[in-house]
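Subject: Structure handover

Hi,

Here is the structure I promised to pass on. Please open it next to this message; my notes follow below.

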Amino acid sequence: MTRIIATNVTSPLGLTTEQNYSVLSAGHASLRGHRQWKGLPLDITASVFSPEQIAGLAAEGFTRFEAMVLHSVRDALSQTSLDITSGRSILVLATTLGNVEELVEGRETYTATGEAAKKIALALGMTTEPLVVCNACISGAQAQLMAERLIRAGVCDHAIVCGADCVTPFTVAGFSCLKVLSPAECRPFDIERLGLNLGEAAATIIFSKEQSPEKECWTLLKGCADNDCHHISTPSPTGDGVLRCIRETLAGFPAEALATVNLHGTGSMFNDQMESKAIESAGLSELPASAIKGIYGHTMGASGLLEAILAMRALDEGKVLPTRGFSEAGVSGRVSLSASMRATDKKSLLKLSSGFGGGNCVLLYTKDAALSEAFGNPGESTKPQTVCLHRVRISPDGIMLDGSALDTTDTGAAMLTEAYKKYVGDFPKFYKMDPFSRLTMLACSLLMGTARSTAQDGDRCGILLFNRSGSILQQRRHIESIKSEEGFYPSPAIFIYTLPNIVMGEIAIKYGFKGETSLYILGRKDEGLMSSVREATIHTSGLQTLITGWVECDREDDFEADFELLTIS
Amino acid sequence: MDELILELKNRIIEALSLEDLTPEDIDNDAPLFGDGLGLDSIDALELIVILDKHYGIKLGSPTEGREIFKSVASIASYVAAHRSK
C-alpha cells in the first residue's frame, strides 16, 4: 500500500500546505496582472513570487528553481521521522523546464535538470540516484504514478515526489506565441474563458510503503497514463485519451464512493472542452468537480501534485474545492462545477492531468480505510515475459540496425538527414524538428520500419525513454529569439520542441501508439535505475509493445540513441 | 504583387522548414491547409509570426487568420493592404 505521509505546497499564496489551504479557502488567489513583465513586450496575468518571497526561499549555492524544490521537500520531510539516508528512499522530481531561468539569464549556475536533481538529493543526504519525470503538464501526476510503481516493485520503501517550475521569460514568450495565454485571470470551463495563466510553485508528496501509525492517511490506490495520439499541442476533441485513463483507473472501483474529481482545467478552449466530454462519457457528470488554475495559474510540473494535495486537504475538512473564475458553463460536456466550496462526506479523489505531447494521466486516492484495504493491495501478478524484436543504435559514426550497419556516407548531423531520406522519407515534419527530436524520430522510424509486419493493439503500445540533456540545443535557439525587444519574435515551432517529450507525441501519432509515453531525465546513464523504471512500468502498465532506450543529443555533431522494440506477454 | 508573392513563398518555405520545396512548387491559389501543403495549427501560428515580424501586422489568434491564410495569394493581398513595414 502506498500511503501519503507528508505534503507541502510552496506557492505565492504560502509556504506550507496549511498556509495555502487557509488562504485559498478565504477566497484569495495569487494571480496578478503584470505590465511588460521582466522587460518583455508583453502584458500578462500570472502567479509569481514577490521579490521578498524569492529572497526568503533563497538557499546559498542553489538556483531559484532548486531552492524552491529544497524548501518544499524539507518542509514535507520535517513532518516525518524518515531516515532518507538509508538507501531505501528515492527522489522523483517532476519539471518541464527545470533550471531554464539560469540559461535565459546566461548564468554559470545553470545545470541540466538531472544534475540539479542529484545536487538536491545530495543536499538532503540521500544516497540513491534521483529520477526526473519530464512529460510536460502531466509530469507531476506521472511522477506519482512512477513512485507508486517503484514502491510496489520493492525498488524503494519511500518516494519523495516533488514537482516544480518557475515562470520565466522562456515560458511566457513560448506560451504567448502559441496564443494560449489569457490576458485576464483565467476562467476554467467558463463561456468567457480566454486561455491560461502561468504560475510558479513547488509541491511535494512523500509516499511510503509503511503505514504511519499515529493518524489516518491518504493512499494512492491506482493510476494510469496514456497518449491520445491526436496532435502535439492540441488534445483530442473527444477526450478519448483521458477517458481511457479514467476507465482503466476506476475499473472495479465503486464510482459512487468518489467525493470529487479535480480537473486539469487550464482555462484554454480545447482542454476544458475535451475534459468535459471525457467526464460526461465516463458517466461522472453528477460528481462534484473542481479546477483551481483560476487561483494558482498553470503551475506546469507542479500542477499534478499541488492540485491533488489541496483537493485532499479540502476533503479532510469535508469540502470540495471551488472553481474560481467559473460562472457559466462554456463546454458541451456536462460537468458539475461551482465557484463556491461544496460539502461532501466522501473520502476518495480522482485527479486528471493532460499535456502537450498528447499525454494524459489519471490518479485515484482514498482516505477511506475499507477502500484502501480493498484496492490498495493489488495481488501479485506474474512477471511478464519480454522479448527484444529489434534494436537500433545511432551515433555520429553510423547506424546499426539489428547488428548490421546501414549504408550511409555522411557523418554527424548530416548523416541523420541522409538516413532519414534514404530509409524513412515519409514524415516531412522531420525537417521542422530540433536535433534531439530528429534523432529520436529516426531511431523509432527505423525500428518500426523493420517491424512493419508486427500485429499491434495501439492501446497497448508505448514509449519509455531516458535522457540527460533534454532539448538543450532547441532551448538555446528559443532563447536567441527572445533576447531583445526589437528582435522579440518567438517561434511556436521552435518553442514546442524545447519540450523534449513532444517527439514522443509525434511518434505516437505516426504509429498509432495510444499507450503510456514517458521521458525520464537522469544525471547520468545509470543502467540500474533505467532497468528498475523499465521493469516497474512493464509490470504494471499493461503494455504489449514498447519502444525503450537511451537518447542524448547535447551537441549537433555528438549524439547517441540506443533503442529496443520490445514485445511483452 | 508578384514580387510580394515570391517573397512570401520564400519566407514560408524557410519558416515552416518545407524542405525540398521551391516557390514554383507552391500554387498561388492552392489551399495551404488541409489538402494543399498540409500545414497544421502550429504552422498557422508560425504564419502569424511572419506577418508580425516582416510586415508589422498583428493578429490575435489563428481564428482571425483563417480567411487570410487560405492561400499565398490571399495572404499577399492582405499584406499589401495592411502592412506597416
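What radius of gyration does chain A have, and how does that fit with a compact globule of 569 residues? Chain A has 22 Å, and a compact globule with that number of residues would have a value near 25 Å, so the two agree. Keep in mind that this is a predicted model.

Overall build

The C-alpha trace of chain A spans about 65 × 60 × 50 Å along its principal axes. Chain A holds 18 helices and 22 strands. Of its 569 residues, 59% are buried. Sequence-distant contacts are common: take the contacts in chain A between residues at least 6 apart in sequence, and 78% of them join residues at least 24 apart.

The core

The largest nonpolar core has 211 residues. Those with the most contacts inside it are V69(A), V92(A), A159(A), V161(A), L310(A), L439(A) and A443(A). Both domains feed this core: at least three residues come from each of domain 1 (3–375) and domain 2 (386–568) of chain A. In general, nonpolar side chains tend to be buried together in soluble globular proteins.

V92(A) is worth a look. Leaving out residues up to four places away in sequence, V92(A) touches L131(A), V133(A), A143(A), M146(A), A147(A), A159(A) and V161(A).

Strand β15

Is β15(A) mostly covered or mostly open? Strand β15 of chain A, residues 359–366, is mostly covered, with eight of its eight residues buried. G359(A), C361(A), L363(A) and Y365(A) point one way. N360(A), V362(A), L364(A) and T366(A) point the other way.

Strand β15(A) has these pairings:

- Strand β9 of chain A (residues 218–227) pairs with β15(A) in the antiparallel sense over eight bridges. Here T219(A) stands opposite T366(A).
- Strand β14 of chain A (residues 348–354) also runs antiparallel to β15(A), joined by seven bridges. Here L352(A) stands opposite V362(A).

β14(A) and β15(A) form a hairpin with four residues between them. In the turn, G357(A) has a positive phi of about 90°.

M312 and its contacts

M312(A) lies in helix α11 of chain A, residues 303–316. M312(A) is buried, because 25 other C-beta atoms lie within 10 Å, and the cut-off for burial is 20 or more. Outside its neighbours within four places in sequence, M312(A) is in contact with W218(A), L349(A) and Y365(A). One of these, Y365(A), belongs to β15(A). M312(A) and T260(A) are 52 residues apart in sequence, yet their C-alpha atoms are 9.7 Å apart in space.

An open sheet

Three strands of chain A form an open sheet with mixed pairing, in the order β2-β3-β7. Which strands stand at the edges? They are β2 (32–34) and β7 (198–199) of chain A. Each has a single partner strand, so one side of each is left without a neighbour in the sheet. Strand β3 of chain A (residues 44–47) runs parallel to β7(A), with two bridges joining them. Within this pair, A46(A) stands opposite L198(A).

The contact between chains

The contact takes 13 residues from chain A and 11 residues from chain B. On the chain B side, the largest share comes from helix α2 (residues 41–55) of chain B, with seven residues. By class, that side of chain B has four nonpolar, three polar and four charged residues.

Best wishes

Key
Residues are numbered from 1 along each chain as its sequence is written. Chains are lettered from A and ligands numbered from 1 in the order in which they are written. This is a predicted model: local features need pLDDT of at least 70, side-chain atom pairs count only at pLDDT 80 or more; totals for chains, interfaces and linings use all residues. The radius of gyration is taken over C-alpha atoms; the globule rule is 2.2 Å times the number of residues to the power 0.38. A residue is buried if 20 or more other C-beta atoms lie within 10 Å of its own, exposed if 12 or fewer, and partly exposed in between; C-beta atoms are placed from the backbone. Two residues are in contact if their C-beta atoms, placed from the backbone, lie within 7 Å. Ala, Val, Leu, Ile, Met, Phe, Trp, Tyr, Cys and Pro count as nonpolar, Asp, Glu, Lys and Arg as charged, and the others, Gly among them, as polar. Two strands pair if DSSP finds at least two bridges between them. A nonpolar core is a set of buried Ala, Val, Leu, Ile, Met, Phe, Trp, Tyr and Cys residues joined through C-beta atoms within 7 Å. Domain bounds come from an automatic or database domain assignment.
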